[in-house]
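Thanks for coming, everyone. I have one model to walk through today. Let me put it on the screen.

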Amino acid sequence: MRPAPTILHLDMDAFFAAAEQAAKPSLRGKPVVVGGIGARGVVSTASYEARVFGVRSAMPTAQARRLCPNAAYLAPRFTLYRQVSEAVMELLHALSPLVEPLSLDEAFVDLEAGGVPPETVAVRAVGEQLRRDIRATTGLTGSVGLAGAKMLAKIASEAAKPDGLVVIEPGTERELLGPMTVRTLPGVGPATAETLRRAGIHTVAETAEAGEAELVRLLGRAHGAGLYAMALGRDDRPVVAERDAKSISVEDTFEVDLTDRARVRSEVLRLADRCVQRLRAAGRSGRTVVIKVRNYDFSTLTRSDTLRGPTDDPAVIREAAVRLLETVDTTGGVRLLGVGVSGLADFTQEDLFAQLATEREAAETAKAAVAEGGAAQVQEAGEELPRRWHPGLDVVHDEYGAGWVQGSGVGRVTIRFETPWSAPGRVRTFAVEDPALRPGEPLPLVGGAPADAQSSEPAILPKSLSPGPGEDTGSVGEEISRR
């Protein structure tokens, strides 16, 4: 434990939702929910205005809609979130060479390694300046926790939310932690909490009073001893600048349970290809292929197969994933599938047989496409797939400039034309195939309109769609967006 609170934990406030509010002036101060927007979707982030109604992360979107039907439900825009995250991480790296990112919106910083004096006044000043810099750079807010250990710094940032700063002075840890629930401690999930509850242990203070021997008896040596140390406020984990990924995986949840075995197989093959793309983008290979199957009743199964050596060959990973799928009964219906690779390495074991298999599979695919030349499944050369306008998607119109999708349905799409630096914009409705409308790129959240940006002045509605006196300008087309 450090004698000064020189470990900083930053957690951006309702990051995805806050970024959407910053990008869309008409949503500022209103409930916003970001995540899967379909019937099987899950909430990724809810704004604080939505949390008032009980909406929380990891909640089914259908449940969130019942709790807060008037919120804006938006699909994630990870391109924007990564841009903002990179700007925030750059500010953190300016403070210290030791920055440990945990996700796009969360990181630890070792201020002592950055030369900050080990004094409460000095680290508090750094934390406050960081919050000001984040707001100036991104237009968003972040909460900062400062303590002598990583666990405590994270607890402090949680206590500081939203848009605050909390310092835990060394020596006050046990007094602070004592009344908190055991779920506050890292590594205590629902199963561990239930085990402790049966033993009459509910708070951190009761965990410490139980003693190490009792916790080891209940939870095992490694988990019990670690939990006892944390209950006493002891956490000697260093801030690690590079966190090596242990696995790479992708998964999809389906709006309707998959019952056709051929469809399940094709989805597994598609996920395997996506996993290989991520694997190669990271410059890695792996030797253990894993599939994940969640059934109609929410029961989840995983199967794995360890190969002779690490590979990033799509044919090998596809073949292993399909082989694992054969061991799982999917006749009742599948709601989620996933494919992953673990046991990562920085090299690939050359496999001539895999290379031949890839070439053979490509040839067979080409033959099948030729054989089905007249069939509806084969898309004509140059033909575009139907455009899908998800709520929140960036768009550009040839006449009205930049905007975002407010909703779509029955062959129409409703667009609100506004930018991060404009006033709340007007709404217009178009046919989904309108040639003047196309997907756009996220605009910067702060700094004003770029010189080369298209004009996004609020659109002037034609007389037939113009609101009457006292009507809300955002109501036009909202019936379509609700469908």
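First, a term. Helices here are DSSP runs of H or I with at least four residues, strands are runs of E with at least two, and both are numbered from the N terminus. With that in hand, look at proline 162. It sits in the loop between helix 6, residues 150-160, and strand 8, residues 165-167. The peptide bond leading into proline 162 from lysine 161 is cis. Omega there is near -10°. Keep in mind that this is a predicted model.

Now to the start of the chain. Where is aspartate 11? Aspartate 11 belongs to strand 1, which covers residues 7-12. UniProt, in an unreviewed entry, puts a "binding site" feature at Asp11 and Asp105. Those positions are spread over 95 residues of sequence, yet they cluster in space. Their largest C-alpha distance is 5.9 Å. Which pocket do they line? Both Asp11 and Asp105 are in the lining of the second largest pocket.

Just past strand 1 comes a backbone point. Alanine 14 lies in the loop between strand 1 and helix 1. Its phi is positive, about 40°, and alanine 14 is not a glycine.

On to helix packing. Two packed helices are described by the angle between their axes and the distance between the axes. I have three pairs.

Pair one is helix 1, residues 15-23, with helix 4, residues 78-95. Their axes come within 10 Å and cross at roughly 100°. Angles of 65 to 115 degrees count as roughly perpendicular, so helix 1 is roughly perpendicular to helix 4. Who makes the contact? From helix 1, Phe15, Phe16, Ala19 and Glu20. From helix 4, Phe78, Leu80, Tyr81, Val84 and Ser85. By class, that contact has seven nonpolar residues, one polar and one charged.

Pair two is helix 8, residues 190-198, with helix 10, residues 212-219. The angle is about 120°, and the axes are 11 Å apart. Helix 8 and helix 10 are therefore oblique to each other. Their crossing is right-handed. Helix 8 brings Thr192, Thr195 and Leu196 to the contact, and helix 10 brings Leu215, Leu218 and Leu219. How many charged residues are in the contact of helix 8 with helix 10? There are no charged residues, with four nonpolar and two polar.

Pair three keeps helix 10 and adds helix 11, residues 221-231. These axes come within 7 Å and cross at roughly 140°. That makes helix 10 oblique to helix 11. Helix 10 passes helix 11 in a right-handed crossing. On the helix 10 side, the contact uses Glu212, Leu215, Val216 and Leu219. On the helix 11 side, Arg221, His223, Gly224, Ala225, Leu227 and Tyr228 take part. By class, the contact of helix 10 with helix 11 has six nonpolar, two polar and two charged residues. Note the shared residues: Leu215 and Leu219 of helix 10 appear in the contact with helix 8, and both appear in the contact with helix 11.

Last stop, serine 342. It is found in strand 12, residues 334-345. How far is serine 342 from arginine 287? They are 55 residues apart in sequence, and 6.5 Å apart in space, C-alpha to C-alpha. Leaving out residues up to four places away in sequence, serine 342 touches Lys246, Ser247, Gly286, Arg287, Thr288 and Val290.

That's my tour. Over to you.

Definitions and conventions
Residues are numbered from 1 along each chain as its sequence is written. This is a predicted model: local features need pLDDT of at least 70, side-chain atom pairs count only at pLDDT 80 or more; totals for chains, interfaces and linings use all residues. Side-chain values use heavy atoms; hydrogens and water are left out. Axes are lines fitted to C-alpha atoms, for helices over the stretch in contact, and angles run from 0 to 180 degrees between N-to-C directions. Angles under 35 degrees count as roughly parallel, over 145 as roughly antiparallel, 65 to 115 as roughly perpendicular and the rest as oblique. A crossing is left-handed if the near helix is turned anticlockwise from the far one by less than a right angle, and right-handed if clockwise. Contact means heavy atoms within 4.5 Å. Ala, Val, Leu, Ile, Met, Phe, Trp, Tyr, Cys and Pro count as nonpolar, Asp, Glu, Lys and Arg as charged, and the others, Gly among them, as polar. UniProt positions are given in the numbering used here, feature names are shortened, and annotations may be inferred rather than shown by experiment. On a 1 Å grid over the protein atoms alone, a cavity is a set of points where a 1.4 Å probe fits but cannot get out, and a pocket is an open set with protein on both sides within 12 Å along at least five of seven lines; lining residues have an atom within 4 Å of a point.
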